[in-house]
Amino acid sequence: MRAGTRHLPLFFSCLELASAFFKVPCSTPLVVERADPIVDPGLAAGHVHTIMGGSGFGFTMDYNQTQESQCSSCSPKADKSNYWIPTLYYQAENGSFTQVPQNGGALIYYLQRPDPNNDTILAPPKDLRMVAGSPYDRKYKDTPEADARSYACLDYDGPAREETNGLPNYNCPDGLRSQVFFPSCWDGVNYDSPDHRSHMAYPETYNGGACPASHPVKIVSIFIEVIWRTEYFEDMWYGDSQPFLFSNGDPTGYGFHGDFVNGWDVDILQEAINTCDDEGGDIEKCAVLALYEDTFTSGCILEPSIDEKVTGWLDALPGCNPVQAGPEDAKPIKDCGAPTEIGKPQHYYTDVTGELEWAWIGCTRDNVDGQRVLSEASSSGDDMTVQKCIRACEADEYTYAGVEYARECYCGNSIDSANEPAVAPMG
Ligand SMILES: *[C@@H]1O[C@H](CO)[C@@H](O)[C@H](O)[C@H]1NC(C)=O
Ligand SMILES: *[C@@H]1O[C@H](CO)[C@@H](O)[C@H](O)[C@H]1NC(C)=O
Ligand SMILES: *[C@@H]1O[C@H](CO)[C@@H](O)[C@H](O)[C@H]1NC(C)=O
């Protein structure tokens, strides 16, 4: 009797899982720069990417490097993967470009879509990496790979618009969501391939159906959504066509693509795939996945290492990316004089501690549960600077100085190990 009653729920839970999923929030990009360790390992990449995930990201990287992440811009503690897509720009009538701001970072869906012939859905193996879509496409091609990329024009008050495969030619009042499905059928042997695609395949449709015999292993379907604030440019349209284009010189949107380097704790992800059964995709209902708080993920910022401007007004897209509108495939352009060197990480801040013969040790969270990290002396004022704070703490012979909210200065002689400052997250 007991065995019978225990089997029934198991059977039901299989059916439920088929439509279950969980959404991994990434609160901010980790870094925006010309990096692509899959396609251009060790080099400055062809175009700018918006990169999410673990701070172990680098110009060359493997699974082990993901595991060295000190933080991630995505929430699950077990996910140190990196996800990236090309960056969206606006082109003004005078030809200049500027980045379109994002709404958050990304939302990454892990969808438990089984193969109709086999219920087993695997976590991607440790060293798996893959690319979805081609940056050279400039027209819709009737393939699962083309269908896997789409746009949702967000308008929370208006009538729903159908999703499109190219960039829509109308304003989206609540932003434009670009989205891409990764292939979910693996050849079971190779973790990568020369074109970074052929070790993977789409099932019958881009998001469901049976895997081809050549790629029989069904892995969890990964789907990325990124929202761009195109509505900020509503009053800046001109001419007959929409003014946005991706960093790969693509004004059509068909050349959108996504990249994934696995950095999951594979056992935990497998358990999440086997047990997370929420049909609304709420990751908080996925007991096996412990999550970082948003204050932690949004403080996870990596310093860029290529000495070039990718934000503000630009005369050209970074790299060699003249606008190529198609419909024929775009041609890769090389040797246009763009920087090729990977330099030292460029600070987002100016480190003035050295000139005062102090040393910068990092950022930390303060005032958690009313507890100050540096509690022995404090001062404040609208004219506060890092220099002024250091001098004040030094005058009273304190070892540590810290500035908060640009106007508060704290001094102390010890730091609790729970609040150890770190270079990452920058916070
Ligand atoms: C990655 O780390 C594992 C475990 O520490 C080690 O056995 C393996 O050799 C490393 N792989 C590479 C490519 O360094
Ligand atoms: C081009 O137009 C934009 C938008 O009007 C403006 O902000 C920018 O400064 C202009 N760039 C040049 C080089 O004139
Ligand atoms: C189902 O897929 C798993 C993982 O790829 C494989 O090990 C297993 O043999 C497959 N089962 C059947 C009945 O094909």
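A polar contact is a pair of N or O atoms within 3.5 Å, and that cut-off is worth keeping in mind at the first stop of this tour, which goes through a predicted model.

Begin by selecting ligand 2 together with the residues around it, which are A92, N94, S96 and W313. With N94 picked out, look for the place where an N or O atom of its side chain lies 2.4 Å from an oxygen atom of ligand 2. Move next to S96, where a polar side-chain atom is 3.2 Å from a nitrogen atom of ligand 2, and then to W313, which places a polar side-chain atom 3.3 Å from an oxygen atom of ligand 2. On its own, ligand 2 has 360 Å² of accessible area, and the protein covers 44% of it. The shell around ligand 2 is made up of two nonpolar residues, two polar residues and no charged ones.

Now leave the ligand and select F22, V24, Y83, I108, Y110, I222 and W264, which are the residues that touch the most other members of the largest nonpolar core, a set of 55 residues. A second core, separate from that one, has 16 residues, among them A44, M61, C300 and L302.

The remaining stops concern salt bridges, of which the structure holds 15. Select D137 and R149, whose closest N and O atoms are 2.7 Å apart in a salt bridge; D137 sits in the loop between β8 (129-132) and α3 (144-147), while R149 belongs to strand β9 (residues 149-153). Both D137 and R149 are buried.

Select D250 and R138 next, since their side chains also meet in a salt bridge, at 3.7 Å from N to O. D250 lies in the loop between β15 (244-246) and β16 (258-261) and R138 in the loop between β8 and α3, so this pair ties together parts that are 112 residues apart in sequence. D250 is buried, with a relative accessible area of 0%, and R138 is likewise buried, with a relative accessible area of 3%.

For the last pair, select D278 and K285, which form a salt bridge with their closest N and O atoms 3.9 Å apart. Is D278 buried or exposed? Its relative accessibility is 16%, and D278 therefore counts as buried, because buried means under 20% relative accessible area. K285, by contrast, is exposed, with a relative accessible area of 54%.

To finish, select D137, K141, R149 and D329 together, as salt bridges that share partners join these residues into one network.

How values were computed. Residues are numbered from 1 along each chain as its sequence is written. Chains are lettered from A and ligands numbered from 1 in the order in which they are written. This is a predicted model: local features need pLDDT of at least 70, side-chain atom pairs count only at pLDDT 80 or more; totals for chains, interfaces and linings use all residues. Side-chain values use heavy atoms; hydrogens and water are left out. A residue is near a molecule or strand if one of its heavy atoms lies within 4 Å of it. A polar contact is a pair of N or O atoms within 3.5 Å; within protein, one must be able to donate a hydrogen and the other to accept it, and residues adjacent in sequence count only if both atoms are side-chain atoms. Accessible areas come from the Shrake-Rupley method with a 1.4 Å probe; for residues, only the protein chains shown count as cover. Ala, Val, Leu, Ile, Met, Phe, Trp, Tyr, Cys and Pro count as nonpolar, Asp, Glu, Lys and Arg as charged, and the others, Gly among them, as polar. A nonpolar core is a set of buried Ala, Val, Leu, Ile, Met, Phe, Trp, Tyr and Cys residues joined through side-chain atoms within 4.5 Å. Buried means under 20% relative accessible area, exposed over 50%, partly exposed in between (1.4 Å probe, protein chains only). A salt bridge is a side-chain nitrogen of Lys or Arg within 4 Å of a carboxyl oxygen of Asp or Glu. Helices (H or I, at least four residues) and strands (E, at least two) are DSSP runs, numbered from the N terminus.
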